[in-house]
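Trainee: I'm new to this one and would like a close look at a single part. Could you walk me through it once it's on the screen?

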Amino acid sequence: MKRVLVCGSNGLLGQRLAWLLDSDDEYEVLHSSHHRSFVQNEILIDYTQLDISNRSDVKSLVTSFRPDVILNAAAMTNVDACERERELAWKMNVTAVENLVEVCRKIDAKLVHVSTDYVFDGKTVTILKATGSIR
Ligand SMILES: NC(=O)c1ccc[n+]([C@@H]2O[C@H](COP(=O)([O-])OP(=O)(O)OC[C@H]3O[C@@H](n4cnc5c(N)ncnc54)[C@H](OP(=O)(O)O)[C@@H]3O)[C@@H](O)[C@H]2O)c1
């Protein structure tokens with residue numbers, strides 16, 4: 001059975017993924033988010049707290065769960081707050097994704113990262129490499 005790790009399960013997209021994946025027996029799913037518990041109690045899911053900006057926590061959870069796929073729905077999404085708190089926005093939206101990229105490479109897992117047209121115009125393809133180069 002394929003294993004899926006969802007990051008950001010407490011967000012709008014993450015909660016929807018929890019509903020969708022809950023009824024799917026094809027995958028073993030572990031949901032995670034920054035908050036210590038899952039915000040919805042209508043459905044029972046396997047959930048763990050994970051701050052994806054914490055490199056060692058990401059490494060330790062991913063190397064023990066060994067997902068085939070990581071679905072990343074975690075992000076700092078308030079655009080005005082991102083403009084005001086740029087360092088925090090970089091940590092949440094760049095460094096945290098680098099942590100996922102790095103560990104996916106290590107265990108040969110696929111990463112599905114959801115972005116937004118606030119940063120991606122649909123024209124220029126941007127590949128974030130674990131080595132740090134962005135093109
Ligand atoms: N919603 C939309 O209509 C839409 C449209 C286009 C693109 N997107 C993209 O889809 C993605 C998800 O959007 P959304 O609307 O679901 O966002 P959201 O409702 O703001 O949820 C984001 C979640 O990310 C979690 N999070 C933040 N920092 C984290 C960290 N360091 N480690 C782990 N979890 C962290 C938060 O979890 P806690 O609550 O546990 O703290 C939060 O619930 C974003 O990249 C967004 O740009 C969304």
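Trainee: Let's take the helix pair and the loops that follow. Is R66 buried or exposed, and how many other C-beta atoms lie within 10 Å?

Mentor: Keep in mind that this is a predicted model. R66 counts as exposed because just 12 other C-beta atoms lie within 10 Å, and 12 or fewer is the cut-off for that label. You'll find R66 in the loop between α2 and β4, the strand of residues 69-72. Its backbone is worth a look too: R66 has a phi near 50°, a positive value in a residue other than glycine.

Now step back to the helix before that loop. α2 covers residues 55-65 and packs with α4 at an angle of about 30°, the two axes being 10 Å apart. Their crossing is right-handed. On the α2 side, the contact is made by R55, V58, K59, V62 and T63, while α4 brings N99, L100, V103 and I107. Sorted by type, the residues of this contact are five nonpolar, two polar and two charged.

Follow α4 onward and you come to D108, in the loop between α4 and β5 (110-113). D108 also isn't a glycine, yet its phi is positive, about 60°. D108 is exposed, because it has 8 other C-beta atoms within 10 Å.

One last thing about α4 (86-107): along with α1 (12-22), it supplies at least two residues of the shell around the ligand. That shell has 24 residues, with N10, G11, S33, H35 and T116 the closest.

Technical notes. Residues numbered from 1 in each chain as written. Predicted model: local features only at pLDDT ≥ 70, side-chain atom pairs only at ≥ 80, totals over all residues. Near = placed C-beta within 6 Å. Helix = DSSP H or I, 4+ residues; strand = E, 2+ residues; numbered from the N terminus. Axes fitted to C-alpha atoms, helices over the stretch in contact; angles between N-to-C directions. Left-handed = near helix turned anticlockwise from the far one by under 90°. Contact = placed C-beta atoms within 7 Å. Nonpolar A, V, L, I, M, F, W, Y, C, P; charged D, E, K, R; others polar. Buried ≥ 20, exposed ≤ 12 C-beta atoms within 10 Å, placed from the backbone.
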